[in-house]
Amino acid sequence: MIQSFDRAMAIATALSSDEHRKWWTINDLAKECQLPVSTIYRLLYTLMKHGLVEQDAATKQYTLGIKWMEFGLRVLDRIDYRKVIKPMIEELAREVNESVYFSQPSGLESIVVERVDSQHNIRIYDQLGLRIPMHIGAANKVVLAHMPVEEARQTVVQLVDEEQVPAFMEKLQEIRAAGHAVSFAERTENTASVAAPVIDYNQKVIGALSIGIVTYDLREERLQYLIERVKDVAHKTSQRLGGLSKA
């Protein structure tokens, strides 16, 4: 299997090796890769099945498939937003002196992908890579609230009891209208979280910025301050990603 993968990558490398040449014959590929034509043909068949190689019906020549561009754009999106988001949450964490997170939805869960810890001796500590069911926590609820309604509903119905779905969806509408979510002790006692959505250039919610708080001395004015700060920084982050108007 490893040998087949290496050979398939040799074909892909050959097809992308000359910027002035788009199409290759099977004989040219066999010569370039130093492999039998029969082997090249078998590998090309598999690569075409997955959209990684395309064949011109008239000339029977081959070129790279558009699937590579899809992969590249996805990677680019991930790299770009991480570069934007990381300094934003670092600045927010310094300003509010609390732990700040960026989490992303992944199916029925979210994943904590960025974190800056508070300098407090007592603080919330959620590990990078932590998976949290999408119906739990401020960050997840604010993401659900900013998804298309039917998409959010399809997630919710798989996570909460049927009789709870209408109230949960109504709560998501309230969160969307407010532009933020707040949760108390949903995963850990004596903690709270405030969160706001991050929107990308496709006007799609890609995750949420959240502040984790220990609540033993939390006052209402402090809570409101944290809400305003997380909303402001999430909005600025979305602007930098091309997701929201600066007007």
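Let's begin with a word we need today: a residue is called buried when its relative accessible area is under 20%, exposed when that value is over 50%, and partly exposed in between. Keep that in mind as we walk through this structure together, and remember that it is a predicted model.

Take R229 as a test case. Its relative accessibility is 17%, so R229 counts as buried. What does the side chain of R229 meet in a salt bridge? The partner is E95, with N and O 2.6 Å apart. E95 belongs to helix 4 and R229 to helix 8, which covers residues 220-240, so this pair ties together parts that are 134 residues apart in sequence. Unlike the buried R229, E95 is partly exposed, because its relative accessibility is 35%.

The pair also belongs to a group: E95, R229, D232 and K236 are linked in a network of salt bridges. How many salt bridges does the count come to? It comes to eleven, and I'd like to show you two others.

Here is the next one: the side chains of E186 and K141 come together in a salt bridge, 2.7 Å from N to O. E186 sits in the loop between strand 6 and strand 7, while K141 is in helix 5, residues 138-145, so the contact ties together parts that are 45 residues apart in sequence. Try our rule on both partners. K141 has a relative accessibility of 15%, so K141 is buried. E186 has 32%, so E186 is partly exposed.

And one more, with both partners in a single helix. K171 and E174 form a salt bridge whose closest N and O atoms are 3.9 Å apart. They are three residues apart in helix 7, residues 165-178, which means about one helical turn separates them. K171 is partly exposed at 43% relative accessibility, and E174 is partly exposed too, with a value of 44%.

Now please go back to helix 4, which spans residues 67-96. Let's look at its aromatic residues. How many aromatic pairs does a search of the whole structure find? The search finds one. The partners are W68 and F71: their ring centres are 6.4 Å apart and their planes are at 90°, so the pair is edge-to-face. If you wonder about those two numbers, a pair of aromatic rings is described by the distance of the centres and the angle of the planes. W68 and F71 both lie in helix 4, three residues apart, or about one turn of the helix. Are they buried or partly exposed? W68 is partly exposed, with a relative accessible area of 29%, and F71 is partly exposed as well, at 35%.

Helix 4 also holds L73. Together with I66 and M69, L73 forms a nonpolar patch on the surface, and the three share about 290 Å² of accessible area. L73 itself is partly exposed, with a relative accessible area of 45%.

Next, a look towards the start of the chain. UniProt, in an unreviewed entry, places the feature "domain: HTH iclR-type" at residues 2-66. In our model that span is 54% helix and 9% strand, and its end C-alpha atoms lie 24 Å apart. There is a nice contact to find at R21: the charged end of R21 sits over the ring of W24, 3.9 Å from the ring's centre.

For something tucked away, turn to Y101 in strand 3, residues 99-106. Y101 is buried, because its relative accessible area is 5%. Its C-alpha atom is separated by 14 Å from that of K83, which is 18 residues away along the chain.

Last stop: two loops with backbone angles to notice. A185 has a phi near 50°, a positive value in a residue other than glycine. Where does A185 lie? You will find A185 in the loop between strand 6, residues 181-184, and strand 7, residues 191-199. A185 is partly exposed, since its relative accessibility is 32%.

Q203 is not a glycine either, and its phi is positive at about 60°. Q203 lies in the loop between strand 7 and strand 8, the latter being residues 205-214. Is Q203 buried or exposed? At 52% relative accessibility, Q203 counts as exposed, because the cut-off for exposed is over 50%.

That's my tour. Thanks for listening!

Technical notes:
Residues numbered from 1 in each chain as written. Predicted model: local features only at pLDDT ≥ 70, side-chain atom pairs only at ≥ 80, totals over all residues. Heavy atoms only, no water. Patch = residues over 30% accessible without salt bridge, like charges linked within 9 Å, V, L, I, M, F, W, Y side chains within 5 Å. Areas by Shrake-Rupley, 256 points an atom, 1.4 Å probe, with all protein chains shown as cover. Salt bridge = Lys/Arg side-chain N within 4 Å of Asp/Glu carboxyl O. Helix = DSSP H or I, 4+ residues; strand = E, 2+ residues; numbered from the N terminus. Buried < 20%, exposed > 50% of the residue type's maximum accessible area, 1.4 Å probe, protein only. Phe/Tyr/Trp six-rings, centres within 6.5 Å; stacked < 30°, edge-to-face > 60°. Lys NZ or Arg CZ within 6 Å of the ring centre and 35° of its normal. UniProt positions renumbered as here; feature names shortened; annotations may be inferred.
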